[in-house]
Amino acid sequence: QVQLVESGGGLVEAGGSLRLSCAASGRTFSPFYMGWFRQAPGKEREFVGSIRWSGGSTKYAESVKGRFTISRDYAKNTVYLQMNSLKPEDTAVYSCAEALTYVGTYVHWGPGTQVTVSS
């Protein structure tokens, strides 16, 4: 069973940047997608973006498009979320997850890392 662990969260000023990492261990098969999600207190979890493991095509939520970039490193079995021009509304717990088929159902999740953007 794969285990996903996020890192890189913290406190940052509005307009600043942060890079999150999601390292996978115990993986036997490559995922179809790796995705990033976030959930703020009292709010529903929302999709941030995803990357197709093979090929590297990406998709982003409208709210982060142009500011966030997802990338992957096959050798390190890691996916990254580069966050630029951060806003207070980006404050949330960020989690990574993997989907094993093209349908895009995310079945494995990391525990999440806190990102706080001060205003």
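In this text a strand is a DSSP run of E with at least two residues, and strands are numbered from the N terminus. Glu98 has its place in one of them, strand 9. The model examined in these exercises is a predicted one.

**Exercise 1. Find which strands pair with strand 9, and decide whether strand 9 is largely enclosed or open.**

Solution. Begin with strand 4, residues 33-39, which pairs with strand 9 in the antiparallel sense over seven bridges. Within that pairing, Gln39 stands opposite Val93 of strand 9.

Go on to strand 11, residues 113-118, which is joined to strand 9 by three bridges, again in the antiparallel sense. Here the bridge partner of Tyr94 is Thr113, a residue of strand 11.

Next take strand 10, residues 106-109, for which three bridges in the antiparallel sense are found with strand 9. Ala97 has Trp109 in strand 10 as its bridge partner. Strand 9 and strand 10 also form a hairpin, with six residues between them, and in its turn Gly104 has a positive phi of about 90°.

Finally, consider burial: because seven of the eight residues of strand 9 are buried, the strand is largely enclosed by the rest of the structure.

**Exercise 2. Describe the surroundings of Glu98, and settle whether Glu98 is buried or exposed.**

Solution. The cut-off needed for this step is that buried means under 20% relative accessible area. Glu98 has a relative accessibility of 2%, and therefore counts as buried.

Then look at what Glu98 touches: when residues up to four places away in sequence are not counted, its contacts include Val2, Leu4, Arg27, Tyr33 and Met34, and also Tyr106 and His108. With His108 there is a polar contact from side chain to side chain, at 2.9 Å.

For a distance along the chain, compare Glu98 with Gly112, which is 14 residues apart from it, while the C-alpha atoms of the two are separated by 13 Å.

**Exercise 3. Trace how strand 1, strand 3 and strand 8 are joined, and place Ser21 in this arrangement.**

Solution. Strand 1 (residues 3-7) and strand 3 (residues 18-25) run antiparallel and are joined by five bridges. Strand 3 is also joined to strand 8 (residues 78-83), by six bridges, and these two run antiparallel as well.

Ala23 helps to show the arrangement, since Val5 stands opposite Ala23 in strand 3, and Ala23 in turn stands opposite Thr78 in strand 8.

Ser21 has its place in strand 3. With a relative accessibility of 16%, Ser21 counts as buried. Leaving aside neighbours within four places in sequence, Ser21 is in contact with Val5, Glu6 and Ser7, with Trp36, and with Thr78, Val79 and Tyr80.

**Exercise 4. Characterise the largest pocket, and follow Asp90, one of the residues nearest its centre.**

Solution. The volume of the largest pocket is about 170 Å³. Its lining has 14 residues, and those nearest the centre are Arg38, Lys43, Glu46, Glu89 and Asp90. Sorted by kind, the lining divides into eight charged, three polar and three nonpolar residues.

Turning to Asp90, we find this residue in the loop between strand 8 and strand 9. Its relative accessibility is 0%, so Asp90 counts as buried. The side chain of Asp90 makes a polar contact, at 2.8 Å, with the side chain of Arg67. Not counting residues up to four places away in sequence, Asp90 touches Arg38, Arg67, Phe68, Ser85, Val115 and Val117.

**Exercise 5. Explain what is notable about the phi values of Ser85 and Asn77.**

Solution. The background is that most residues other than glycine have a negative phi.

Ser85, which is found in the loop between strand 8 and strand 9, has a positive phi near 50° although it is a residue other than glycine. Ser85 is partly exposed, with a relative accessible area of 40%.

Asn77 likewise is not a glycine, and has a positive phi of about 55°. Its place is in the loop between strand 7 (68-73) and strand 8.

**Exercise 6. Locate Gly10, and state which residues are in contact with it.**

Solution. Gly10 lies in strand 2, residues 10-13, and is partly exposed, with a relative accessible area of 25%. Apart from neighbours within four places in sequence, Gly10 is in contact with Leu18, Gln114, Val115 and Thr116. Arg52 is 42 residues apart from Gly10 along the chain, and their C-alpha atoms are separated by 27 Å.

How values were computed:
Residues are numbered from 1 along each chain as its sequence is written. This is a predicted model: local features need pLDDT of at least 70, side-chain atom pairs count only at pLDDT 80 or more; totals for chains, interfaces and linings use all residues. Side-chain values use heavy atoms; hydrogens and water are left out. On a 1 Å grid over the protein atoms alone, a cavity is a set of points where a 1.4 Å probe fits but cannot get out, and a pocket is an open set with protein on both sides within 12 Å along at least five of seven lines; lining residues have an atom within 4 Å of a point. Grid points are joined across faces, edges and corners, and a volume is the space filled by probe spheres set on the points. Ala, Val, Leu, Ile, Met, Phe, Trp, Tyr, Cys and Pro count as nonpolar, Asp, Glu, Lys and Arg as charged, and the others, Gly among them, as polar. Two strands pair if DSSP finds at least two bridges between them. Helices (H or I, at least four residues) and strands (E, at least two) are DSSP runs, numbered from the N terminus. Buried means under 20% relative accessible area, exposed over 50%, partly exposed in between (1.4 Å probe, protein chains only). A polar contact is a pair of N or O atoms within 3.5 Å; within protein, one must be able to donate a hydrogen and the other to accept it, and residues adjacent in sequence count only if both atoms are side-chain atoms. Contact means heavy atoms within 4.5 Å.
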